[in-house]
Structures are given as structure tokens and as C-alpha cells.
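Let's take a walk through a protein model with two chains in view. Have a look at the picture, and then we'll go from the overall build down to single residues.

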Amino acid sequence: MEFTTSALFERVERARRRKPRVKDEFITLAHGAGGKAMHELVEGLFLDYFRNPLLEALEDQAVFEIAGNGRAPRLAFTTDSYVVTPLFFPGGDIGRLAVCGTVNDLAMSGARPLYLSAGFIIEEGFPVADLKRVLQSMRDTAEEAGVQIVTGDTKVVQRGGADKLFINTAGIGLIEHGARFSAANARAGDRVILSGPMGDHGATVMIARGELELETDIRSDVAPLWQLVEAMLETPAGIRAMRDPTRGGVATTLNEIALASEVCLRIDESALPVRDEVKGACEILGLDPLYLSNEGGLVAVVAADVADQLVARMRQCPLGRDARVIGAAQAEPPGIVVLKTDFGGTRIVDMLVGDQAPRIC
Amino acid sequence: MKYVDEYRAGEIAGRLAREIRRTSARLGDPPLKLMEVCGGHTHTIFKYGIEDLLPSNIQMIHGPGCPVCVIPLGRVDDALAIARRDGVIFTTFGDMMRVPGSKTSLLQAKAEGADVRMVYSPLDALKLAKRNPDREVVFLALGFETTAPSTALTVMAAAQEDVRNFSVFCNHIMIVPALKALLDSPDLKLDGFVGPGHVSAVIGARVYEFVPLEYGKPLVVSGFEPLDVLQSVSMIVKQIAESRAEVENQYSRFVSRDGNANAMAAICEVFESRDYFEWRGLGSIAHSGLKLRKRYSRFDAELRFDAPGLRIADPKACQCGEILKGVKKPWECKVFGTACTPETPIGSCMVSSEGACAAYYNFGRLSKVAERSEAVKA
């Protein structure tokens, strides 16, 4: 292709890196979809009002020392709210999700999850039998993850004031090693590891909503990741960054790391694991599994010399059986995720804009 | 799924690319300008990096076959006016929610309190109407002959079941008048067409015969997998090299010569052509839009509700028209990538992932970025 100037791309990149601002007059669903609009909301509004060094890192959890003398143990602290529809879906439910989501955000800093809080917002008329099912699931999942739910809160709102049941959990974890993981730590030459197939949770929930009238055997992968992370921490030295690709999927997580670290992540499409069922659903609906969420998977950027060893160790864990290297970090062009397609071409994988919507024709 | 992967094999792609290069080398300069009419093809071309595989004397021009991209501002404003009325549940496909009207989009109207809902098929909208008998459910129908049959069948079902609170805001358009308008456009010089795929499954490949007969240009009806597109380009280049101009059907696994008679019958039963319909960027095109026939007019949202029906000029900065006709490339537009991005689209070509600008922004920036990095290193 012929290009007359490269000034254009500097123009686009400048615009792309402009300070995020919320220009909308009202919050739309796009602000919650995990893509660019949500980043604008978080960085352009929340960060502006609450700015402090811990929040500024924009990690999935805050990591701090209790005493602040440099020798005290470090704690990780995080919170997340769960508003999934439907409440029960193949492979999990809102309760399991509420425990796993927070446990996993702690685990991504290398912290052993210890204690959770749980807040419930319940709509008037919600069946107690369903609430019991959710609580049972939370208890089982907490046990599986090795955490205790030690404090909580309940609010009941008028019919229509909430959709059936919302849960918020917060969690505290303990970091027992010296490593510091951050999305800003990736360097050229590092390898990118993905722990398992992409998009299982996102595809499951989308289909479980029943709007698409598709029937499949896809199950959500929602699971606590701590055991997998604990195995990886046997050799914490080469690990730079860990994130779980929840909202916005693997593509969004990779973009966050590429932008924070100012590196290019080059991903090989042929190495990306996707279950046939998920791939099939995506083909029919015109969706891209790169943008569908996982709730029991992780992306890690690690030093090249420890990558194979880590993958081998991960594969010994149930949640890491399909772990593999999916790409590498390079210096140029910074802040961008590039996919080498099976077809022989290359393309940019950007953050998601708005919600993924099935195509028209 | 194995079936799909066969259409993406890199090895076969390489062979086809070499074949195209050999044939086109004989043609020399000036470069061949081939238009892919469908947005689906545009998406495939960018998603798989097909232009990387083509020689420099073949240029792909990205055509107007993305229904979201050609909907004019005035129609979006009409949709917004209907959606904001008390008691209305306004339904449409996902992409349409983000298309900006002269002031706002359906997505923003929803945030401001209008009851706008995304549906996956017009039948979902009809179901919604039956479940909410005290509300007016309006479905914004859009798309070429691909989606018109399902709208038609839904209207027929509504008539049969006498669902009185359901209506359709019809923006269905037809591909052949658009092709004619493009071919008649004086600033456009095209050498051949990658012809529509899904649309042709309904209307058949035969309807394109005027393209070689009256205009002397080859047209190859093409599938949407990357190998389909590459093979179609190869077939067009071969026709040109052999001084032939014909309609060929690369997508014969899906498209027949005569199309789908049942689907066409449904369209004819429910719809008739409008005298004129406005296309974003292309202007008014005679007999290019569909509206509900008289016997179904009770389901016509335009008659049921007062919509302003104003014709609103495209924003000055926006060059969607030139881009839809292939006269300009997306990156030649002044606002591309700066004021107009997928998250804050000014023009509709930036909204749908099948629009040329969005496809180029999302997938195609790479060669430019790489070039810039090279420059940085040097």
C-alpha cells in the first residue's frame, strides 16, 4: 500500500493518548463494558477525584505495607461488584463469581487471599430458595479458594430498585514473597503466557441469557486462581505482570499491559486457544473471542528465560492444563497489540469500543 | 468448525496471492481499482490483512455495502423522535444504537430515559410487543435484501396474529440501484467488483448481469472468508487479463443464479420500492429504498408516529460520502482518527466494524505505525 505521509499516524496516536475525559452528559452502558469508555470513566473521573499514589497505578488491587518501614509484610486489597444476568448459568452462578472475582484480583498481585467481605443488595420479592443457593455456592467456592467471608452487609430495595440480586465483595490478601508485579513491568523480549482457552465465561453468559436461542455445551470457566498462582510463585523471579482477562477479554488485558509498559505485544493467532464450541458461537454471532471474558484464566508476562519452566509448572495444575506462550513483547511500536493472523497478515488488536454486538448481515 | 478453518489456510492463501501477482504483472500500470461492495468483505480484508498479500497494482476500494454506514442523519433523528415518545419501546440491532444523529444517538437517548432495546431479530421485537400489550413496540429495520425477508415475515406474522401495538420503522435498501448509482458516478473509475455475498443468496447472481453488459466490468459474487475474497480477486484479475467481463459466482456453495424465491416472495408481499431514498454520502437514489405496502401500512411506524422527516446535511468535516464511493481513502479524511474515532464517531463509517473507517482504524493502522517506527529508528 502506498502512504503519502506518516504524519497522519502521529496525529492518530496523539489523539489516542490524549488525557481521557468524560464528555458524555449521561452514563451509558458502554461506560461499564470494559472497553475505552470505561477507561475514560475510571481515568478521567474517578482517578481525578480520588487521586493518590496507590490508586494511580490502576492495578486490579492496591498493594501496601502495614507499617511502612519497608520490612513489614505487604497486603493486597481489592473490591468488585457483581450484577450478572442470569444469576445462574452453566458452570457457575453470581455467588461463585463474587468469590472468584475478588480472590483472583488478589491473586494477580501474587497475594494469598485471606479474608472477604460480602455486601448484598436484594430486590424485594427475591426467592429465599435462590438466595440459599447463592450462599451455598459462595461457601463452597470460599472453601475451595481457602478464604473466609468475615464481614458483610445486606440491603433490600423496592421492586425495580435493583435487578434481583447484586453482590459486592472486597478482599484482603498477604504477599509472602519479594516480587512486585505490575502491568507497567513488561519489557521487550518478555514472553506472554495464557493459562487456558479464551472467552468461556463471556460466551456462556451471553448464551445463557437466552436472547440468542442457541443451545451449546459451553460452560463458564469461573474458578479461583490462587492455587495456579501459588504454583507459579515457586519461581517468582521472572514474573513481571499478571492479570485475569475478565471484562473486555484477553485483548483488553493485553492492551492495558502494552500501554502501561510502553511495549508492543505481538501475539500469534495460531497459538491462541479457543474451544470449538466458543469459536462456533462466535462465528454465528460475529463476535471475537479475544474480547470475551474469562473468570478462571490469567495472562502473565514473564522473562523469556523462565517462560518454558513456568508453562510446564502451570500445566501440572488443573486450571493451567492448556497454558502456553501466545506471544512476546517487543520495543516497537509501543503501546500497541499486534496479532499475526493464521492467514499470513498482521493487524492491530485494539481495546473494545462499546459492547460487542452481533453483526447485522 | 474445521470447515471454517479450511477457508483460512495460510498456504493456499500464499498460492492464490502468487497467482494474482503473476496475472496482474502482465497488466502493468495503471493500478486496477476493484471495489468490494459489502461491508462484510471490507471487514474480512482488514481483519486478515489481505491487502498485505496483494501486489501494488491492485487497489481495493471499499464500497457502500454497510447498511449502518449509509443511513442518513435525518433518519436517525426520526428514529430518535419516535424512541423518545411516551409508551414506546424502540428496538433495533446493536450497531445501530451507536450511530450519531444530528445531536445524539439511540444509545445516549437510552441513557437519558428512552426505552431503547437491542434485539437480535425482528421476531424478538414482535415477541416483546405481545408481552407488552400496553406499550407501542417499534422495530427499526435496516439492511439490504439480506435482512428484508426476516422483517417481511415478521410483519406478516404480526398481521396474521393481529398484533396492533407493533410497527416497523423501515430503512431497508436495495443493492442493485446503489451499484448503478456508483457506476454512473462521474468521479469514480472502477475496473471490477467483488460482488455481495449474503445479499446474493436472496436475490441471486443473475441480477448483476447489467454490470458486464451495460458497463463492461467484471463482477464476482464472493464469500466472506479470507480465501473466498482472495479467490474472487484472482478471478476478477483473470477476467481483466483475458479481456472478459462476466458475472462469476465464487460463492456457489451459498448463492444460486436465481436466488431464494421464497425470500423474494416475502419481500414482494410486504414491501414496495420508495420513489427516492437518501443514502448517507451518496445522496438520493431513485427506487433504492423499501417501504411497507398499503395493505400492511398499519404496521408502518412512519405513518403511526409523527417523525420530523427532515433531510439533514452531513457534518461538514465528515467525508463519508467520498469514502463510501471510494474516491477518498479513510486516512485522507481530516477528522479520521482524531475527532472521529470508533468511540466518538462523527461519520457512520466509523461506527460499524464493517465501515471502511472503523475497519481501517481498528485493523489497518499497522503498516503506518510500523512505518513510523522505522522512521523513528532511522
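What share of the contacts in chain B with a separation of 6 or more comes from residues 24 or more positions apart? The figure is 77%. Keep in mind as you read on that this is a predicted model.

## Chain B as a whole

Let's start with the parts list: chain B has 16 helices and 13 strands. Its radius of gyration is 21 Å, close to the 21 Å that the globule rule gives for 378 residues, so chain B is as compact as a globular protein of that length.

If you drew a box around the C-alpha atoms of chain B along the principal axes, the box would come out at roughly 65 × 50 × 45 Å. Of the 378 residues in chain B, 54% are buried.

## Two domains in chain B

The domain assignment splits chain B into domain 1, built from 73-175 + 259-267 + 283-304, and domain 2, which covers 320-377. Taken over C-alpha atoms, the centres of domain 1 of chain B and domain 2 of chain B are 30 Å apart.

Who takes part in the contact? Domain 1 of chain B gives four residues and domain 2 of chain B gives five residues. On the domain 1 side of chain B, the residues that touch domain 2 are two nonpolar and two charged, with no polar ones.

## A parallel sheet in chain B

Now zoom in on an open sheet of four strands in chain B, with the order S4-S3-S5-S6 and parallel pairing. Strand S4 (115-118) and strand S6 (166-172) of chain B sit at the edges with a single partner strand each, so one side of each has no neighbour in the sheet. On average, and ignoring direction, neighbouring strands of this sheet are turned by 20° against each other.

Two helices pack on the sheet. Helix H4 (residues 73-83) of chain B touches S3, S4, strand S5 (136-143) and S6 of chain B, and its direction makes about 145° with that of S3(B). Helix H6 (residues 122-131) of chain B touches S3, S5 and S6 of chain B, and its direction makes about 175° with that of S5(B).

## Close-up on strand S4

How many bridges join strand S3 (residues 88-92) of chain B to S4(B)? There are four, and the two strands run parallel. Across this pair, B:Ile89 stands opposite B:Asp115, and B:Phe90 stands opposite B:Val116.

Follow the side chains along S4(B) and you'll see them alternate. B:Val116 and B:Met118 point to one face and are buried, while B:Asp115 and B:Arg117 point to the other face and are not buried.

## Over to chain A

For chain A, the domain assignment gives domain 1 (1-51), domain 2 (60-175) and domain 3 (191-348). The centres of domain 2 of chain A and domain 3 of chain A, taken over C-alpha atoms, are 23 Å apart. Their contact takes 23 residues from domain 2 of chain A and 23 residues from domain 3 of chain A.

Which elements build the domain 2 side of this contact in chain A? Helix H4 (94-107), strand S5 (111-123) and helix H5 (128-145) of chain A each supply at least two residues. The largest share, seven residues, comes from H4(A). By class, this side of domain 2 of chain A has 11 nonpolar, eight polar and four charged residues.

Key. Residues are numbered from 1 along each chain as its sequence is written. Chains are lettered from A and ligands numbered from 1 in the order in which they are written. This is a predicted model: local features need pLDDT of at least 70, side-chain atom pairs count only at pLDDT 80 or more; totals for chains, interfaces and linings use all residues. Domain bounds come from an automatic or database domain assignment. Two residues are in contact if their C-beta atoms, placed from the backbone, lie within 7 Å. Ala, Val, Leu, Ile, Met, Phe, Trp, Tyr, Cys and Pro count as nonpolar, Asp, Glu, Lys and Arg as charged, and the others, Gly among them, as polar. The radius of gyration is taken over C-alpha atoms; the globule rule is 2.2 Å times the number of residues to the power 0.38. A residue is buried if 20 or more other C-beta atoms lie within 10 Å of its own, exposed if 12 or fewer, and partly exposed in between; C-beta atoms are placed from the backbone. Two strands pair if DSSP finds at least two bridges between them. Axes are lines fitted to C-alpha atoms, for helices over the stretch in contact, and angles run from 0 to 180 degrees between N-to-C directions.
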